[in-house]
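Reader: I am new to this structure and would be grateful for a close look at a single part of it. Please take one packing of helices as the starting point and then proceed to the surroundings.

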Amino acid sequence: MSYSVIELFFNASLIVQLVIFFLLLASVISWMIIFERWIYLSRSKQELISFEDLFWSEIGLEAVFKHGEEENHLAIGAECIFRSGYQEYKNIKEQGLEPETILEGAERAMRISLSREQSSLEKHLPFLATVASASPYIGLFGTVWAVSYTHLRAHETEADLVCR
């Protein structure tokens, strides 16, 4: 007597079916996030290497800044941090303030940009962590429920046989 996985699923109790459905849904969503993060991090790494090469070249900071303003260019990672700090530096320097004030303003803009970039890199990680930590317990719950349900049905069947 051989059952397919689909037959076992449809013969399971509603609770077990819901647990399996939830775990499959969480798995699909998790893999979508994992692939999206992998693509984003790969692109970020390529952009970082490209930006570092440009930054450490001898073209000057103004040329590096202007390079980021080109059409179809999206600044991410270190370049975004550089651009926000350099833009703030230029804005404050035009006001003729003290060098310390200029430096503090640029650092503040870079810290804010760093925070945004960090949030962008860590996007959806709490969801993945929650799914990774909760899934084994949800699966265990489904297993215990299925075993308890099976024992209950076995005892009911045994009682029916004794009564006949």
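At what angle do the axes of helix α4 (residues 78-93) and helix α5 (residues 99-121) cross, and within what distance do they come?

Author: The model is a predicted one. Two packed helices are described by the angle between their axes and the distance between the axes. For helix α4 (residues 78-93) and helix α5 (residues 99-121), the axes cross at roughly 155° and come within 8 Å. An angle over 145 degrees counts as roughly antiparallel, and α4 and α5 are therefore roughly antiparallel to each other. The crossing in which α4 passes α5 is right-handed. On the side of α4, the contact is made by Cys80, Ile81, Ser84, Gly85, Glu88, Tyr89, Ile92 and Lys93. On the side of α5, the residues involved are Thr101, Ile102, Gly105, Ala106, Arg108, Ala109, Met110, Ser113, Leu114 and Glu117.

One of the α4 residues in this contact, Ile81, merits separate attention. Ile81 has a relative accessible area of 17%. Buried means under 20%, so Ile81 is buried. Leaving out residues up to four places away in sequence, Ile81 touches Met110, Ser113, Leu114 and Glu117, and these four are among the α5 residues that make the helix contact. The C-alpha atoms of Ile81 and Glu117 are 8.0 Å apart in space, although the two residues are 36 apart in sequence.

Tyr89, another α4 residue in the contact with α5, also leads to a group of rings. Ring pairs link Tyr89 with Phe51, Phe55, Trp56, Phe65, Phe82 and Tyr86 into a cluster. The count of aromatic pairs comes to 10. In one of them, the rings of Phe51 and Phe55 have centres 5.6 Å apart and planes at 35°. Planes under 30 degrees apart would count as stacked and planes over 60 as edge-to-face, so the pair of Phe51 and Phe55 is tilted. Both residues belong to helix α2 (residues 14-56), where they are four residues apart, about one turn of the helix. Phe51 is buried, with 7% relative accessibility, whereas Phe55 is partly exposed, at 26%. Phe65, also a member of the cluster, has the charged end of Arg83 over its ring, 4.3 Å from the ring centre.

Helix α2 also holds Arg37 and Ser30. Arg37 is buried, with a relative accessible area of 7%. Apart from neighbours within four places in sequence, Arg37 is in contact with Ser120, Leu121, Glu122 and Lys123. Ser30 is likewise buried, at 8% relative accessible area. With residues up to four places away in sequence again left out, Ser30 touches Phe127, Leu128 and Val131.

Lastly, His124 is found in the loop between α5 and α6 (125-163). Most residues other than glycine have a negative phi. His124, which is not a glycine, has a positive phi near 70°. At 36% relative accessibility, His124 counts as partly exposed, in contrast to the buried Arg37 and the buried Ser30.

Terms used: Residues are numbered from 1 along each chain as its sequence is written. This is a predicted model: local features need pLDDT of at least 70, side-chain atom pairs count only at pLDDT 80 or more; totals for chains, interfaces and linings use all residues. Side-chain values use heavy atoms; hydrogens and water are left out. Rings of Phe, Tyr and Trp (its six-membered ring) pair if their centres lie within 6.5 Å; planes under 30 degrees apart count as stacked, over 60 as edge-to-face and the rest as tilted. Helices (H or I, at least four residues) and strands (E, at least two) are DSSP runs, numbered from the N terminus. Buried means under 20% relative accessible area, exposed over 50%, partly exposed in between (1.4 Å probe, protein chains only). A charge sits over a ring if NZ of Lys or CZ of Arg is within 6 Å of the ring centre and within 35 degrees of the ring normal. Axes are lines fitted to C-alpha atoms, for helices over the stretch in contact, and angles run from 0 to 180 degrees between N-to-C directions. Angles under 35 degrees count as roughly parallel, over 145 as roughly antiparallel, 65 to 115 as roughly perpendicular and the rest as oblique. A crossing is left-handed if the near helix is turned anticlockwise from the far one by less than a right angle, and right-handed if clockwise. Contact means heavy atoms within 4.5 Å.
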